[in-house]
Amino acid sequence: MSQALFSEPQTPLTEEKRIGLIDAFLRVLPDESVLRADEELLPYESDGLAVYQQKPPVVVLPETVEQVQAILKICSREGVPVVARGAGTGLSGGALPLANGIVLGMAKFNQIIDIDEHARTATVQPGVRNLAISEAASDYNLYYAPDPSSQIACTIGGNVAENSGGVHCLKYGLTVHNVLQVTAVTIHGDVITFGGTAPDTPGYDLLGVLHGSEGMLAVTVEIVVKLLPRPATTRLLMAAFDNVDNAGNAVADIIGSGIIPAGLEMMDNPAIIAAEAFAQCGYPTDAEALFLCELDGTEEEVSDQMAKVEKIIARHNVTKLHLAKDETERMMLWKGRKSAFPAVGRLSPDYYCIDGTIPRRHLSTVLQKMAEWSEDYKLRIANVFHAGDGNLHPLILFDANIPGELERTEELGGKILELCVEVGGTITGEHGVGMEKINQMCVQFDANEITQFHALKNAFDPDALLNPGKAIPTLNRCAEFGALHVHHGELPHSDLERF
Amino acid sequence: MQDNDATKLLEQQVKQAIAEKQPFNIRAGGSKDFIGVVADTVPTVDVSAHRGVVAYEPTELVITARTGTLIHTIKSTLAEHGQMLAFEPPLYTADATIGGTVAAAVSGPSRPYLGGVRDHVLGCRLINGQGHLLKFGGEVMKNVAGYDVTRLMTGAMGTLGLLMDVSLKVVPIAEHEVTLRQELDIHSALTRLQQLAGESPLITAAAWHDGALHIRLAGVENAVSVAASTFGGEKIEANFWSELNNHQHAFFDVDTPLWRLSVPPLTPELDINGATLYDWAGMQRWCFSNENAEKIRATAVAAGGHAQLYKADDKLKRTAGTFHPPSNEIMTLHKNIKNEFDPLGLFNPGRLYAAI
Ligand SMILES: Cc1cc2nc3c(=O)[nH]c(=O)nc-3n(C[C@H](O)[C@H](O)[C@H](O)COP(=O)(O)OP(=O)(O)OC[C@H]3O[C@@H](n4cnc5c(N)ncnc54)[C@H](O)[C@@H]3O)c2cc1C
């Protein structure tokens with residue numbers, strides 16, 4: 001069984017061990033690729049979830065596969081944990097350093113190796129930014145479909161590790177549906193290729209397993225992604241409503257009618273106000289809810305379906321229905337949505353982004369509960385929602401400088417996630433578990449399931465050195481967390497059936 | 001047959017096998033008995049009575065069913081709401097079940113355009129080699145909590161656990177569909193297919209057989225009509241696809257070893273003797289060949305793909321193996337994973353690889 005299962009909390013590396021490691025790294029890396037001075041380490045203290053911080057003892061920045069192999073062999077030999085890092089935009093503390101381990105930054109792996117216009121694939125290094133792939137492919141009228149809102153900054157290596165989604169994944173799928181092959185280095189320093197450009201590979205779907213594995217199974221060094229032809233026609237409709245239920249029902253009706261929009265994104269009033277103030281994109285700030293519905297395909301397809309969508313929406317007391325008149329306006333309307341996080345960030349000193357997914361039919365129950373809790377906790381919540389697939393991003397506004405407010409925020413966030421599980425959903429749709437949702441894993445999974453997760457990790461990483469302590473809680477931790485809940489009253493959702 | 005929850009019984013059977021350290025085969029409809037090497041010396045656990053749709057919410061695009069549920073049942077349940085399984089599971093016999101389909105990860109003609117089984121699995125429940133009933137994934141489209149065990153089970157040929165139920169993403173049935181046939185030599189057909197895939201989002205199947213390219217277009221009616229007139233060729237019956245998918249097409253009436261080659265897009269004709277039908281825009285090739293297994297595998301590998309001995313007599317299957325052997329490193333991972341899910345080696349021994 002995995003060693004991680006009952007592992008003790010990390011004890012920081014001793015100075016002697018740290019110096020020994022630095023020496024070992026300097027034998028395989030140039031001096032400037034081994035960061036060890038305080039001011040060099042500072043930028044690596046946290047990822048996009050800045051409330052968690054830990055200064056790493058060492059950061060290494062390899063630029064060849066051989067260097068990655070050498071680094072991992074050293075760490076494997078020395079028993080030193082490794083935290084891989086892309087751009088550090090992750091929102092769950094996945095790339096949060098460990099006091100007893102190194103950060104393996106993949107930023108120098110930033111080359112697009114090849115674009116095959118005919119096979120419609122791109123071979124890229126993991127540190128390539130998501131958007132850079134589509135930019136490079138645009139010469140061939142191709143693009144890479146998954147488009148996380150962080151796409152200007154986040155790396156494709158991070159996307160694979162989190163199985164990231166974007167506003168277009170309802171129709172075009174998540175990262176796992178758009179990656180054909182991953183070459184990765186194991187903790188032992190072996191280079192292995194998973195998947196391929198044929199439609200399938202024999203045996204277990206290990207390519208699938210690597211997706212969303214949060215840097216805990218292997219370190220990705222090369223990725224082949226699928227590129228898609230740009231659709232001939234794309235049109236965006238904005239629909240506003242004076243209550244969230246109407247918007248939710250309209251969404252269900254559109255999908256029930258047999259239309260799969262390319263994107264279907266919803267926002268509630270606080271998010272609308274924030275986005276409009278930030279991007280001046282033309283959202284009606286008096287609306288209680290609005291959604292953006294994008295259709296793409298051939299001209300005939302889009303016209304036909306757009307007419308149907310408009311009819312359906314009209315049945316749900318829509319207060320404003322607006323079709324983007326041209327490409328400029330379409331991009332403008334998307335900009336509001338895509339900058340919703342920073343926009344909300346301007347309303348408040350800090351915000352905390354939650355990432356649960358729910359079966360869409362429970363939307364109004366969940367929103368109502370959140371509104372109640374928002375009052376109870378005296379914390380404002382703005383909601384952006386990947387409405388097509390039920391992925392909810394409540395943004396809790398708080399001020400970390402007010403004593404106790406972060407703790408209240410985290411508690412509220414935890415409650416929201418548990419509610420997502422209660423209604424049949426999950427604690428994370430796309431941001432990953434990382435450090436952040438590790439306790440809620442104990443709510444979603446029982447001890448046997450968690451043990452099986454550790455066992456799977458053990459098949460790849462028997463000494464539990466790759467990003468240990470993230471994503472999958474130890475049973476001890478769950479026991480403590482469970483106890484905590486008992487202390488407050490009752491066991492979390494003991495009445496829930498497991499299926 | 002009636003809906004029936006056989007969870008308790010199946011759990012008990014697995015626990016008994018654990019106690020007796022007795023490996024067993026897992027079987028539901030038996031429509032895929034010919035895939036892989038079925039151990040003939042061990043008992044069988046029958047999943048076919050564990051059947052029924054557990055949950056189906058058309059507006060959420062998700063269905064959950066017990067693994068013994070017939071594909072027929074699932075298809076008709078979905079069709080009532082204008083929906084379908086995008087990956088078009090083959091029906092080698094009418095007894096094909098959803099459990100077998102997911103375990104063998106078999107997908108139909110739409111695979112290159114709409115995705116395969118692995119692209120539509122959302123969650124599952126399974127019994128592992130310790131006899132624990134476990135649930136992974138769920139009934140929502142986006143879910144990254146924990147490792148993706150559901151995808152791991154997809155295509156594992158039942159070697160990692162007994163699948164109890166699966167949740168799948170479903171899609172709307174297209175309003176209109178047309179199949180066209182156009183005489184074309186294989187070389188031009190492969191080139192044309194590649195071009196077309198970049199041009200028309202309406203193609204949902206493409207195959208080459210007997211000197212002709214066959215294409216299926218699906219979508220809203222006038223879009224399909226416009227695309228069909230651009231493409232040209234004669235309209236033929238849609239059952240070409242189900243016959244091909246189910247191996248009921250006359251092409252499959254041959255008593256020679258049947259190979260399935262899976263190769264990258266743009267792969268030219270390969271140097272393998274035998275009648276070949278090209279499905280999946282040329283990426284899945286059905287080839288009846290008596291050539292040496294090593295040579296066939298090496299040819300597929302040189303093209304960037306792999307070759308599976310799909311249908312053959314037991315003797316050849318045992319000597320040549322059926323599934324293409326992976327690299328040593330990947331094989332080691334297979335063994336490690338098998339050991340972590342099924343340490344006693346109970347589930348479907350040797351079905352996927354002799355060593356698993
Ligand atoms: C404003 C904002 C908007 C966002 N919007 C979205 C969104 O719409 N959809 C979405 O899904 N996410 C979104 N995110 C989250 C984040 O951008 C994604 O999770 C992204 O994939 C992280 O990529 P990264 O390169 O920053 O990875 P990092 O944060 O550096 O790392 C993330 C995880 O990947 C691992 N990792 C990184 N590189 C490798 C590698 N080469 N090999 C192995 N493991 C590796 C790390 O160990 C860590 O566990 C958003 C974040 C922000 C800040």
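**Exercise 1. How much surface does chain B expose, and what share do carbon and sulfur atoms supply?**

Step 1: Know the model. It's a predicted one, where local features need pLDDT of at least 70, side-chain atom pairs count only at pLDDT 80 or more, and totals for chains, interfaces and linings use all residues; side-chain values use heavy atoms, with hydrogens and water left out. Residues are numbered from 1 along each chain as its sequence is written, while chains are lettered from A and ligands numbered from 1 in the order in which they are written.

Step 2: Read off the area. Chain B exposes about 13,200 Å² (Shrake-Rupley method, 1.4 Å probe; for residues, only the protein chains shown count as cover).

Step 3: Take the share. Carbon and sulfur atoms supply 49% of that area.

**Exercise 2. Work out what the radius of gyration says about chain B.**

Step 1: List the parts. Chain B has 11 helices and 17 strands (DSSP runs numbered from the N terminus: helices are H or I with at least four residues, strands E with at least two).

Step 2: Compare with the rule. The radius of gyration of chain B is 21 Å, close to the 21 Å from the globule rule for 356 residues, so chain B is as compact as a globular protein of that length. (The radius is taken over C-alpha atoms, and the rule is 2.2 Å times the number of residues to the power 0.38.)

Step 3: Add the spans. The C-alpha trace of chain B covers about 65 × 50 × 35 Å along its principal axes.

**Exercise 3. Describe the burial and contacts of chain A.**

Step 1: Burial. Of its 499 residues, 61% count as buried (under 20% relative accessible area, 1.4 Å probe, protein chains only).

Step 2: Contacts (heavy atoms within 4.5 Å). Among those in chain A with a separation of 6 or more, 72% come from residues 24 or more positions apart.

**Exercise 4. Which strands stand at the edges of the sheet β1-β2-β4-β3 in chain A?**

Step 1: Lay out the sheet. Its 4 strands form an open sheet in that order, with mixed pairing. (Two strands pair if DSSP finds at least two bridges between them.)

Step 2: Find the ends. β1 (34-35) and β3 (82-85) of chain A each have a single partner strand, so one side of each lacks a neighbour in the sheet.

Step 3: Look inside. β2 (residues 59-60) and β4 (residues 102-105) of chain A pair in the parallel sense over 2 bridges, and A:Val60 stands opposite A:Leu104 in β4(A).

Methods
Buried means under 20% relative accessible area, exposed over 50%, partly exposed in between (1.4 Å probe, protein chains only).
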